[in-house]
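Colleague: Please take a close look at the aromatic pairs in this model for me, then work outwards to whatever they connect with. I'd like the contacts and the burial treated together.

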Amino acid sequence: MPSIQGYNDVPISASPEPGPQVPRPRGVAPWRLDARGREAELARLTGIVDGAEPDVRAVRISGDPWSGKSELLAALAGHAKERGWTVACGAAGPLPGSLPFGVFSDALEDLLTSRDPALLDGFPKYHVSWLAGICPALARYSPDAAVPSGPSEMRHLFHAVRALLERLSAGVPLLLVVDDLQWADPASVDLFTHLIRRPPDAPVLLVTALRPRQTAGDLLAALDEPVDGVAHVELPALTEDYLGTLLPAGLPADRRRAMLDAADGNPGLLRALAAAEDQDPFAVPGYAPNRPGGPGMPVSPLREFRTLSPFTWTVAHAAALMRESFDTGLLAAVVEGSEVPTRAAVDELVAHDILRVDGGNRTFRFRNALLRATARQAAGAAWRLGAHARAAEALRDRDAPAPEIAYHLAHCVLVEENDAAGILVDAAREVRWERPADAAGWLRRALDPRGPVCADHVPLLAIALVVTGRTSDARLLFDQVAHSPETALWAGRALHLEGDREAAGDLLRIGLRIADPGDHRTRARLVAELLATTVDSRHPTAVPDLSILSSAKGVPGLCPLADHLDPVTDAGPRALLLALATLTDPAGRTAEDQLLKARTLMANVSDADLAPDVTPLYWLARAEHALAHDDQAGRHLRRALAIATRFGHRYVLGGLTTLLEHFDEQRYQETDGPSGDRIAEVPDPLRDEPDPGLADLPSELAQLSGREREISRLVSDGRTNQQIARTLGLSHKTVETYLARIFKKLALCSRAQLATIVGRSVSTPAGPPIPARVASERLMPA
């Protein structure tokens, strides 16, 4: 008989490499570790075994798939064994045609095989015959094994099973565990229901786990009946504090946030997503690499689809190609069928809890991203191409928004006649600040040499690449365009991020020279960026040098320029200039007043409106820090980090982190104990050995040791030295030593430069080469 762990309903990757593991504390029973995160539920279950609730004879554990039910059963079984109980475990499976009473036979097989020949002495002959018919392990007790038929014989069999459990528990309590009861055969369900209503007159505890959404209504009704002695344990979503410990260290903040959101409190799902992340860091959370059956392909979730009809399986493939929500009409167009059978297939998927109703019963979505990935990868590559093309055409007929159509166009062959490239560009313009990685991918797809050329969007692509942290790729594109004020701003930022402050200043002066004198918003942003080039990012308390503005003609003072900006429509740039004015003269008579105005402006701007540029929050925090308003500075800085993380703006993480690090360092110096109280180091020589399998990393990161790369990724994630020390279990000074070594090896001078290099290894992968006829044109942005 397999152990309860053998029926673990947590998805397991086919890769031989395990997913991220939480460190195992010493001196803790292994079975207790199986239920980490479910300590409260485990405490109640072990209390029942220990006699805290003597009237309980049966327990129902319910929760979503992969929420930890099987691990909880394993932990309970381990505890019961330690207390001297006899434990029998079984689990149902989703395959149709299961043998009657199969789950009970499976659970009791080993136990019955080991018992002496006198086990069934005193049982009526026909009871022994029926017991041998449903339990092969009892065949030696009766040569006339038979399966009961008819209500009367079934009732006798139920009494025989109850008597058998009483015999098995004589002298030693018996724990009978049945996992995944929702998949059990009808005979097993009837037997379990009978045992709940008429429990054995012996120390027998029945425990089952099930998924309520996939459990038949009559079984749920029977389990919900107010029967004495039945305990109900519901598994709620876990908190992010615990779930965060399941993720690998050094995961970029935006990936971490996306995976936690996708898991929605489900630990098994999060482990599977983290395992997929290890295999393919570029994958959208929940999507395995595009290699069916490959290392990143989830294996266990395939069992969810085993009982589907062929047409329903095809509809599942089509649904997996859609965005978050979809309707049956769109699915019917993709599978090239009528809407009536498509609706029936969707109902079947809902009954299996593969799809769930969304949006007021009009649209549907997958239960989670992992099931969606499984259905998607199981479809053939050629079929997916055609399906995406059909979906794009159906959405065009509906006049759907450009981003919805672009999602499908990016996955199929572009056709010049249907203006596919133009749709991709329009979609990228629409989402370039909220989803810059998608925008960059769509713009690259529009430049695919195999499709039509739409060249007027090269500046858009370059800006999107800067936002996602791919500054080197962006500079190659900026070199191909005639600069406008906007491209000069972003090209200057790219140069500044890479450490070339002088070249960045030259380019920003060009932007100011060609900017429309009446475009105060653009001029304000250019002036602020030019001032930023005078500051060494390694020194968060450095003050911008106003004298650099004398080299830019026609630039008034910061406050006069801010007065030209509307406090509603231009709140960001206006607050930016006021913050810079405060920072450059913190002792001035108007400093506090300017700071208050900037703070008020930022309080009235939504996060979505700040998505295009969070630098006003950054400079506001620096100004507040200069005037000793550190609490407000920390709040604004963390808001900027949250916005940048949410929308995938990697380019700003370095500067934000440097300032946060400075704040944390101050608190460390004020509150930390003497050096002798700091965390003791454990030598870890393997961490400092270079990893030979680094062919896919940028050459800069390939020369770092394993620990140095780990710290580099945490830096790019926006972590401070204190946070890195806590994450890795190192002392603060050790982290500083590692960083100094990293900066020396890579010839860097700031965390922003390090974040940029790391960003090249985790950002959107490069697309196809830009056609020569595009690269040769000098273009103004649209």
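Modeller: Happy to. One cut-off is needed first: a residue is called buried when its relative accessible area is under 20%, exposed when that value is over 50%, and partly exposed in between. This is a predicted model, so everything below describes a prediction. F158 has a relative accessibility of 10%, which is under 20%, so F158 counts as buried.

Now to the rings themselves. The structure holds 8 aromatic pairs. In one of them F158 meets F101 edge-to-face, with 6.4 Å from centre to centre and 75° between the planes. F101 sits in the loop between β2 (86-91) and α4 (102-113), while F158 belongs to helix α6 (residues 150-168), so this pair ties together parts that are 57 residues apart in sequence. F101 has a relative accessible area of 1%, so this ring is buried too.

F104 and F192 make another pair, this one tilted, with 6.5 Å between centres and 45° between the planes. Here the partners come from helix α4 and helix α7 (residues 186-197), so the pair ties together parts 88 residues apart in sequence. Both F104 and F192 are buried.

Elsewhere, ring pairs link W433, W490 and Y651 into a cluster. W490 leads on to the nonpolar packing: the largest nonpolar core has 146 residues, and W490 is named with F366 and W619 as touching the most other members. Leaving out residues up to four places away in sequence, the contacts of F366 include A316, A319, A320 and F326, as well as I354, L355, L371 and A375. R372 is also among the residues that F366 touches. A second, separate core has 50 residues, and its members include F158, A92, V128 and M154. That brings us back to the F101 and F158 pair, which is edge-to-face.

Burial also describes a strand well. In β1 (residues 58-62), 5 of the 5 residues are buried, so this strand is largely enclosed by the rest of the structure. In a regular strand the side chains alternate between the two faces of the sheet. In β1, A58, R60 and S62 point one way and V59 and I61 the other, and all are buried. β1 pairs in the parallel sense with strand β4 (residues 204-210) over 5 bridges, and A58 stands opposite L206 there. β1 also pairs in the parallel sense with strand β5 (residues 230-234), again over 5 bridges, and E234 is the bridge partner of S62.

For a polar counterpart, try R599 in helix α27 (residues 591-603). The side chains of R599 and E624 are joined by a polar contact of 2.8 Å. Not counting residues up to four places away in sequence, R599 touches L620, H629, Q632 and H636 as well as E624.

Last, the cysteines. A disulfide is called when two cysteine sulfur atoms lie within 2.5 Å, and by this rule the count comes to 0 disulfides. Two cysteines differ in burial class: C412 is at 4% relative accessibility and so counts as buried, whereas C559 is at 25% and so counts as partly exposed.

Terms used
Residues numbered from 1 in each chain as written. Predicted model: local features only at pLDDT ≥ 70, side-chain atom pairs only at ≥ 80, totals over all residues. Heavy atoms only, no water. Buried < 20%, exposed > 50% of the residue type's maximum accessible area, 1.4 Å probe, protein only. Core = buried A, V, L, I, M, F, W, Y, C linked by side-chain atoms within 4.5 Å. Contact = heavy atoms within 4.5 Å. Helix = DSSP H or I, 4+ residues; strand = E, 2+ residues; numbered from the N terminus. Polar contact = N/O pair within 3.5 Å; in protein donor to acceptor, adjacent residues only side chain to side chain. Pairing = 2+ DSSP bridges. Phe/Tyr/Trp six-rings, centres within 6.5 Å; stacked < 30°, edge-to-face > 60°.
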